[in-house]
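Trainee: I have a model to look at and some terms to pin down. Can we go through them together?

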Amino acid sequence: MVEQVALVIGGIAGGLLLLLLIGVSCCLWKRLCAKFTYEELPGTTTASSPQRDKLCQLPARTQTSRPPGVPFVVPPSFQSRDWVPLHRREWAQVPQRPCLAPERLPHTAGSNLGDVRMVGTINPELYKLPEDNSETNFPEGCLGRLWFSVEYQQEAERFLVGLIKAQRLQAPSEICSPLVKLHLLPDERRFLQSKIKRKTTNPQFDEHFVFQVSSKSISQMVLRFSVYHVDRQRKHQLLGQVFFPLKNEAMAGDCRRIIWRDLEPESLEPPSEFGDLQFCLSYNDCLSRLTVVVLRAKGLRLQEDRSFVSVFVKVSLMNHNKFVKCKRTSAVLGSANPVYSETFSFKAEPTELDTASLCLTVLQSIEGDKSHQLGRVVVGPYMYARGKELEHWNEMLGKPKELVKRWHALCHTTES
């Protein structure tokens, strides 16, 4: 019994000695760790590049400054930061003030990879979308503008037209109720039409139309939009028209194209005896370039069955009544009112304009390679032209680099 008591007392004493030893060891280890912590060596400084000093100027602090409770000297690279206490006697570093924006610095061979430098900046101009002026730049006297889309499906031989919207329609009254009719010229009898949009000069249509057209004849047709105002008595008053020739380049690619055009007024003058021709003239004195845009003809006196007749326009530049250069439009089938919208340019020096003239001849193809002249018009200086033809030429010279558009009556000659 006595031996058991002695063993228990000895075990308790041994445990207490072991705990005492562990406590003394922990104290010695803490002191040893504190003794070998980082100390700033006297006479040593941290290498800092002038570029880094330029990037951010921070307030200097003494090397011997020691935050309370931190048992070592703060390295110089961290002396610009303040210390804030956290829970459990821990400390965190917070920047004393935000660093200023870095400047562009030249790269030097001796600089460290760790140096902060700005390689470049983003140019916002490169990420801007192309500016769309279709809804802002309206010419003076504009009757309105129409947006539409076209697409031709080669395999199905279907011509798809999307009527999107119109803006700034010039209505005869304050209340405008627009309606659009679509024709595929030269067929004047068949047409498709949109729904009536009530009480708006900026209608949003968003309607789609389908024409069944063969691939052989699509390039010789013209899409015409006629915009009408429908009054309370259901009468239609024409506000303007848009002509869009379906050339090969316009229909190529089997892709949908969105297009906008300004409305054109209807010609109220009746056609002359042999028909009329509308074209534009422009002269660029810097490039010495004379430009002719053949738009359309009306009221032509065709000689044969219209369904098998093709009509084209020949544009000739003349000097002293001698041909200098001749160009021609594409042929339009079966229409006494063909639409072309084709542009031609000629080289003409400013000194040659007093003796130069333009002859536009409307021709009808007949058997073989022969052609029959339906009429012509000559524009030029006083030496060759009078009346509207002379006025058109002088207006072109008075408005350089501008397209001057006019109708001209065709005169008949016996030449072919």
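**Strands, sheet and chain**

Mentor: Start with one pair in this predicted model. Strand 3 (residues 145-153) pairs with strand 10 in the antiparallel sense, over 6 bridges.

Trainee: Why are strand 3 and strand 10 called paired?

Mentor: Pairing needs at least two bridges. These strands have 6, so they count as paired. One bridge joins S149 to I258 in strand 10.

Trainee: Which sheet do strands 3 and 10 belong to?

Mentor: An open sheet of 4 strands, in the order 7-4-3-10, with antiparallel pairing.

Trainee: What makes strand 7 and strand 10 edge strands?

Mentor: Strand 7 (204-212) and strand 10 (257-262) each have a single partner strand, so one side of each lacks a neighbour in the sheet. Neighbouring strands here are turned by 25° against each other on average, direction ignored.

Trainee: What does the record say about residues 6-29?

Mentor: The unreviewed UniProt entry annotates residues 6-29 as "transmembrane region". Such an annotation may be inferred rather than shown by experiment. In the model, that stretch is 100% helix and 0% strand. Its end C-alpha atoms lie 35 Å apart.

Trainee: How many helices and strands does the chain have?

Mentor: The chain has 4 helices and 19 strands.

Trainee: What makes a residue count as buried?

Mentor: A relative accessible area under 20%. Of the 416 residues in the chain, 36% meet that cut-off.

Trainee: What share of the exposed area comes from carbon and sulfur atoms?

Mentor: The chain exposes about 26800 Å², and carbon and sulfur atoms supply 55% of it.

Note on methods. Residues are numbered from 1 along each chain as its sequence is written. This is a predicted model: local features need pLDDT of at least 70, side-chain atom pairs count only at pLDDT 80 or more; totals for chains, interfaces and linings use all residues. Side-chain values use heavy atoms; hydrogens and water are left out. Helices (H or I, at least four residues) and strands (E, at least two) are DSSP runs, numbered from the N terminus. Axes are lines fitted to C-alpha atoms, for helices over the stretch in contact, and angles run from 0 to 180 degrees between N-to-C directions. Buried means under 20% relative accessible area, exposed over 50%, partly exposed in between (1.4 Å probe, protein chains only). Accessible areas come from the Shrake-Rupley method with a 1.4 Å probe; for residues, only the protein chains shown count as cover.
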